[in-house]
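Visitor: I'd like to learn how to read a few features in this model. Could you walk me through them, starting with how helices pack?

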Amino acid sequence: MNVYSLSADEALASLHSGRAGLTAAEAARRLAEFGPNAVERVRGKPLSIRLIGSFTHFFALLLWFAAAIAFAAELSQPGLGMAALGYAIVAVIAVNGLFAFVQEYRSERTLAALAKLLPVAVKVVRGGVVTVVQSEEVVPGDVVLVGQGDSVAADCRLVEAFALRVNNATVTGEATPVARTPAPTDAPDSVHSANVLLAGTSVLSGEGTAVVFATGRNTEFGKIARLTQVTAEVRSPFFEEIALVSRVIAVLATGLGIAFFFVGLWQGLSLWHALMIGIGIIVANVPEGLLPTITLALAMGAQRMARRKVLIRHLPAVETLGSATVICTDKTGTLTENLMAVRTLFLARTGAFAEPAAIAPRSAPADRRLCEVARWCQTLKRTGAGRGGWLGDPMEAALVEMAEAAGAPLPERPLRGEIPFDADRKRMSTIHDSADGPILYTKGALETVLPACTRAETAAGPAVLTDDMRRQAGEAGDRLAAEGLRVLALAYRLLPAAAPVPADEAELVFLGLVGFEDPPRAGVAEAIRTTRDAGLKVIITTGDHPHTTVAVARRIGLVGPDEEPPVVTGDRLRHLTEAQLRMVLDRPNVIFARLAADQKLGIVRALRAKGHVVAATGDGVNDAPALKEADIGIAMGRSGSTVAREAADMVLVEDNFANIVDVIEEGRTVFDNVRKFITYILTSNVAELVPYLAFALFGIPLPLTIIQILAVDLGTDMLPALALGAEPPDAAAMRRPPRRRGQRLLDLSLLLRSYLFLGLMEGLAAMAAYFFVLYRGGWSLGEPLAASAPLYLRATTACLAAIVVVQVVNVFLCRSERESALGRGLFGNRLILLGIAVEAGTVLLIVYTDLGNAIFGTAPIEADIWAFTLPFAAAMLLAEEARKWVVRRRRTAG
């Protein structure tokens, strides 16, 4: 039989233990057999493996290959500058890898600072003596003592309990406290058993003695953590897009490089000169600055999110949420605050509902009595920490808060005795001294308090509680429960001066009902509205009660006030086939309640199988597997469990669900901005490729050296490209649907615009500037030029300068695919102006300093050469503006 279906003594015997606990020797033996009581933490890749991975992805391997060829060429024929090229390519790989690795490392360190696991110290009975041991040393059969404020270290079966109530939210998702009793139960499992304390939960009030029956990975807490570990990592859609872009460009670059290597040999070039052409074409086509720019753009997005109290653990997560189509969100602690607040009252004196702010304890004696019960009938402890400085049941804290906010005259009421809460009686009472003599204050479930009442407090004082009053109170309780509120009845009774503490409550005076809610977090309703306007579907997946969940859904605007949304409970979900579940997920405003951790995981998998990009949010251990399986997992920082935070891709540090809207907008902006700077970078790649094609096909002196290509890719282009990555969000970003999962980052329109339109114009400008200098210097076609000839150095410098000048215009053209560059203003993104200033300063240093000339093989050029490039830049501006005008006209006509 299960331990929770046995009597307390039978449960102890089944674990070969007793009320005196285990001996020290037996505890040591069991520790060796069962292992430490520790949940294995979610393990990621070791830092060393992650560091190596940053330098061995596909793009990096291609660059390593190019660097190796360059070093081999230098060994075979020194003096061609191939060593410098090799070192430059290695530097590119280092920049790419370190940016990504450092950002992830910083996020992991920040997350580690948030982490807290199970309690460090536990009170156990060993050999009849109470002692304190580390939680890792707790073993099956140990007898543990728990009290108010304690966290439970292992799964335990209660042996004794006194007014014990616990918060199971982190494991089951239940928002309200639950009573625990040592009586045997016929529950289907330990999670739903009233005599079991689950590891990772907390004791709100009372105290108890329990025997441990499961530790470590065998606890419910441990099983969920293990489920998280065996869930495979989900590859980010954005990462897949970047990988595809890398492969496409790499294949294109390698194919062209190999082809023109053989073209060079065919034209009679030496092996190493032909190899230099091949490497040059590969380097020209591979946008070395792309990965560091993408990494920097994502890192900047992560830093902007950090300022909004959102920790991005994995950089691609910034963009992934922007492409999300569905958000599966937990309720307790995510949409709500995971605390209790008084929402409404039903007053016996008026027979009507009232807001908490409407009670008048100073002028209405009945309201004063109600506030007295709220203030003094509780078992809270003043600690200075927690809500209002109180430790204990959150509903009791809410009652105290309501009474104190009402401004009631609440003189001290010394406690004389207590009738503790009992799971069968479902009520508790405290007896206090007052000016009127001893007084008993009672609160509890309506169905147990109302039968104990014989009178009701009216405006004229206590009066007989009629059947009509009872019916009215019952209907009020049903209405509050239907709204998803937790309901307590309040009552009191004046006792004779010399009477002993009563054994039970009787002849009470009914005061009214209090409706509690776990209030929605501030900003959640607006966030839900914004996400739905942005085309996302929001699905609540919670372990809490269906009525409570629907009530919260109405409060936050997820369902209409008169709408009856489809609700699927965990029991019903177990009987659905995969096909049935997928059809249920198509229904609008579907809500899932009373779910276990594996069921939340199954819903996420079903949504992903339907082609959705899924974001999952949660704070409990039961949410962690779904967070890990989702395309992007979002955990709460303050209230979130360690397991949930470690399974997530991002953490809302201050538990603000509304921050998700910010990240969605940021993610959509990141995708748009990455397209902008890819266009910008590929445009200059074409301009760098054209000189090599001319060199290979027409036998002219090489118009642009490899080191000059790197000067553009890793020098002048970097900051303007990064500035495009920092473009502010489009005003319509949150009013359009998510991008399709199949929508390519590098699509045909981008390739045509970059390669065959902007790129060709920029390549034409570069070659025109090159030939302008050569022909003005007296060169004629077919005439060889030495690599150190002043005319050749000035001509290649002019080619480089033309690319830079036209790129200055191009950065403004790339700010939008459709909108005019003239309409976006110069100061909308000040980083672009800074980028242009740095770009100009860099190219001037390259052209007009001895160091720049020596490193990049350049020479100073006259001012009229710069002027020669300006008409090409203007022509490119006019051509692109004309293209955008045509696109806008077509969209308007369509």
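Guide: Sure. With a pair of packed helices, look at the angle and at the gap between the axes. Keep in mind that this is a predicted model. Helix α26 (residues 748-776) packs against helix α30 (residues 863-893) at about 160°, and their axes are 10 Å apart.

Visitor: What does the angle make of α26 and α30, and which hand does their crossing have?

Guide: Angles over 145 degrees count as roughly antiparallel, so α26 is roughly antiparallel to α30. The crossing of the two is right-handed.

Visitor: Which residues in α26 and α30 meet?

Guide: On the α26 side, they include F757, L758, M761, A765, A768, A769, F772 and V773. The α30 side brings residues including I865, F868, F872, M876 and A879. Charged names turn up on the list as well, among them R753, E762 and R776 in α26 and D864, E880, R883 and K884 in α30.

Visitor: Can we try another pair? At what angle do α23 and α25 pack, and how far apart are their axes?

Guide: α23 (659-698) and helix α25 (residues 718-725) pack at about 155°, with axes 7 Å apart. These two are therefore roughly antiparallel to each other, and their crossing is right-handed. N673, K676, F677, Y680 and I681 of α23 make the contact with P720, A721, L724 and G725 of α25.

Visitor: Now a single helix. How many residues does α27 have, and what span does it reach?

Guide: To read a helix on its own, set its end-to-end span beside the expected one, then look for bends. α27 (residues 790-813) has 24 residues and reaches 35 Å from first C-alpha to last, close to the expected 34 Å. There is still a kink in α27, of about 25° and centred on Q807.

Visitor: Is α27 mostly covered or uncovered?

Guide: Mostly covered: 21 of the 24 residues in α27 are buried.

Visitor: Last topic, backbone angles. Which residues other than glycine have a positive phi?

Guide: Here you check the sign of phi, then where the residue sits. K309 is one of them, with phi near 70°, and D655 is another, at about 60°. K309 lies in the loop between α10 (290-307) and β8 (310-312), while D655 is in the loop between β26 (650-652) and α23 (659-698).

Visitor: Are K309 and D655 buried or exposed?

Guide: K309 counts as partly exposed because its relative accessibility is 39%. D655, with a relative accessible area of 5%, is buried, as the cut-off for buried is under 20%.

Key
Residues are numbered from 1 along each chain as its sequence is written. This is a predicted model: local features need pLDDT of at least 70, side-chain atom pairs count only at pLDDT 80 or more; totals for chains, interfaces and linings use all residues. Side-chain values use heavy atoms; hydrogens and water are left out. Helices (H or I, at least four residues) and strands (E, at least two) are DSSP runs, numbered from the N terminus. The expected span of a helix is 1.5 Å times one less than its number of residues. The bend at a residue is the angle between axes fitted to the seven residues ending there and the seven starting there. Buried means under 20% relative accessible area, exposed over 50%, partly exposed in between (1.4 Å probe, protein chains only). Axes are lines fitted to C-alpha atoms, for helices over the stretch in contact, and angles run from 0 to 180 degrees between N-to-C directions. Angles under 35 degrees count as roughly parallel, over 145 as roughly antiparallel, 65 to 115 as roughly perpendicular and the rest as oblique. A crossing is left-handed if the near helix is turned anticlockwise from the far one by less than a right angle, and right-handed if clockwise. Contact means heavy atoms within 4.5 Å.
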